[in-house]
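Open the model in a viewer and show the backbone as a cartoon. The stops below are meant to be selected in order.

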Amino acid sequence: MELGATVCLPRSPNCKVCPLKNDCLAFEKGVQTNVPASTKRTPRKRLHHHAVVLTCKGEYAFEQRDETGIWASMWQVPTVESSSRMAAVQVARQLGIHESIELIGSFKHILTHRIVEFQVFACEVERDKRFQWHALDSIDRIPLASAQRKVLDVHCGT
Ligand code: SF4
């Protein structure tokens with residue numbers, strides 16, 4: 001008999017017919033409807049990533065993420081992270097970009113414990129030595145964080 005599927009049901013265990021009742025601590029204590037305790041799922045943490053697609057003569061700027069945290073050591077377009085949504089001018093200032101950046105799209109990327117809300121910006125700039133520059137047909141050479149394909153898709157779709 002498949003006890004878990006036919007007798008010891010989570011919400012209504014049928015202890016009267018259960019062959020294990022003499023050995024069952026939950027039955028002995030009268031708490032059979034309370035175990036296992038229901039586990040409440042912790043709400044996913046919400047993060048805001050402001051991803052800025054910087055282009056210069058057909059090449060795209062990339063930076064490497066920190067060695068710890070999500071997408072550790074992976075590559076991404078220059079990104080400002082925060083706990084709330086930021087305006088374009090704030091994002092540009094944080095990245096040290098003097099040109100004005102334009103919001104071109106947004107999407108949510110859902111991870112096991114987090115929801116990352118991406119705001120995607122774009123701007124044509126002068127080549128900046130702080131970043132690595134790659135043409136789109138050569139980005140397979142760098143390990144991109146998974147959501148970065150979506151960032152680039154937003155840019156290519158505009
Ligand atoms: S006696 Fe214990 S194992 Fe059997 S149905 Fe009740 S709670 Fe489940």
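The tour goes from the domains to the ligand, then through the sheet, its core and a few loop residues.

**Domains**

Bear in mind at each stop that this is a predicted model. Colour residues 1-39 and 45-156 separately: the domain assignment of the protein chain gives these ranges as domain 1 and domain 2. The centres of domain 1 and domain 2, taken over C-alpha atoms, are separated by 52 Å.

**Ligand shell**

Select the ligand and show the residues around it. The surrounding residues are Val 7, Cys 8, Pro 13, Asn 14, Cys 15, Cys 18, Leu 20, Lys 21, Cys 24, Ala 26, Phe 27 and Gln 32. By class, this shell consists of nine nonpolar residues, two polar and one charged.

**Strand 1 and its partners**

Next select strand 1, residues 45-56, and then each strand that pairs with it.

- Strand 6 (114-124) runs parallel to strand 1, and 11 bridges link the two. To find the register, pick His 49, whose bridge partner in strand 6 is Phe 118.
- Strand 4, residues 79-82, is antiparallel to strand 1 and joined to it by four bridges. Here Ala 51 stands opposite Thr 79 of strand 4.
- Strand 2 (59-64) is also a partner of strand 1, antiparallel and with two bridges. Thr 55 faces Tyr 60 of strand 2 in this pairing.

**The turn at Lys 57**

Stay with strand 1 and strand 2, which form a hairpin with two residues between them. Which residue in the turn has a positive phi? Pick Lys 57, where phi is about 50° although the residue is not a glycine. Most residues other than glycine have a negative phi. Lys 57 belongs to the loop between strand 1 and strand 2. Is Lys 57 buried or exposed? Lys 57 is exposed, because 9 other C-beta atoms lie within 10 Å, and 12 or fewer is the limit for that class.

**Strand 5 and strand 6**

Select strand 5, residues 102-110, together with strand 6; the two pair in the antiparallel sense over eight bridges. Within this pairing, Ser 106 has Gln 119 of strand 6 as its bridge partner. Three residues make the connection between strand 5 and strand 6, which form a hairpin.

**The largest nonpolar core**

Now show side chains for Ala 51, Val 52, Val 53, Val 77, Val 120 and Val 151. The largest nonpolar core has 19 residues, and these six touch the most other members. Which elements each supply at least two residues of this core? They are strand 1, strand 2, helix 3 (88-95), strand 6 and helix 4 (148-156). Strand 6 gives the most, with five residues.

Two of these valines merit separate selections.

Start with Val 52, which is found in strand 1. Val 52 counts as buried because it has 24 C-beta neighbours inside 10 Å, and the class begins at 20. Setting aside residues within four places in sequence, the contacts of Val 52 are Val 77, Pro 78, Thr 79, Val 91, Leu 95, Ile 101, Phe 121 and Cys 123. For one of these, draw a distance between C-alpha atoms: Val 52 and Ile 101 are 49 residues apart along the chain, and the separation is 7.8 Å.

Move to Val 53. Residues up to four places away in sequence are again left out, and Val 53 touches Tyr 60, Val 77, Val 120, Phe 121, Ala 122, Val 151 and His 155.

**Loop residues Trp 71 and Pro 143**

Select Trp 71, which is placed in the loop between strand 2 and strand 3 (75-76). Trp 71 is another residue other than glycine with a positive phi, near 50°. Trp 71 counts as partly exposed because it has 18 C-beta neighbours inside 10 Å.

The last stop is Pro 143, in the loop between strand 7 (132-135) and helix 4. What does Pro 143 touch, not counting residues up to four places away in sequence? Its contacts are Met 74 and Trp 75. Pro 143 is partly exposed, because 13 other C-beta atoms lie within 10 Å. To finish, draw the C-alpha distance from Pro 143 to Tyr 60: the two are 83 residues apart along the chain and separated by 14 Å.

Definitions and conventions. Residues are numbered from 1 along each chain as its sequence is written. This is a predicted model: local features need pLDDT of at least 70, side-chain atom pairs count only at pLDDT 80 or more; totals for chains, interfaces and linings use all residues. A residue is near a molecule or strand if its C-beta atom, placed from the backbone, lies within 6 Å of it. Ala, Val, Leu, Ile, Met, Phe, Trp, Tyr, Cys and Pro count as nonpolar, Asp, Glu, Lys and Arg as charged, and the others, Gly among them, as polar. Domain bounds come from an automatic or database domain assignment. A nonpolar core is a set of buried Ala, Val, Leu, Ile, Met, Phe, Trp, Tyr and Cys residues joined through C-beta atoms within 7 Å. Two residues are in contact if their C-beta atoms, placed from the backbone, lie within 7 Å. Two strands pair if DSSP finds at least two bridges between them.
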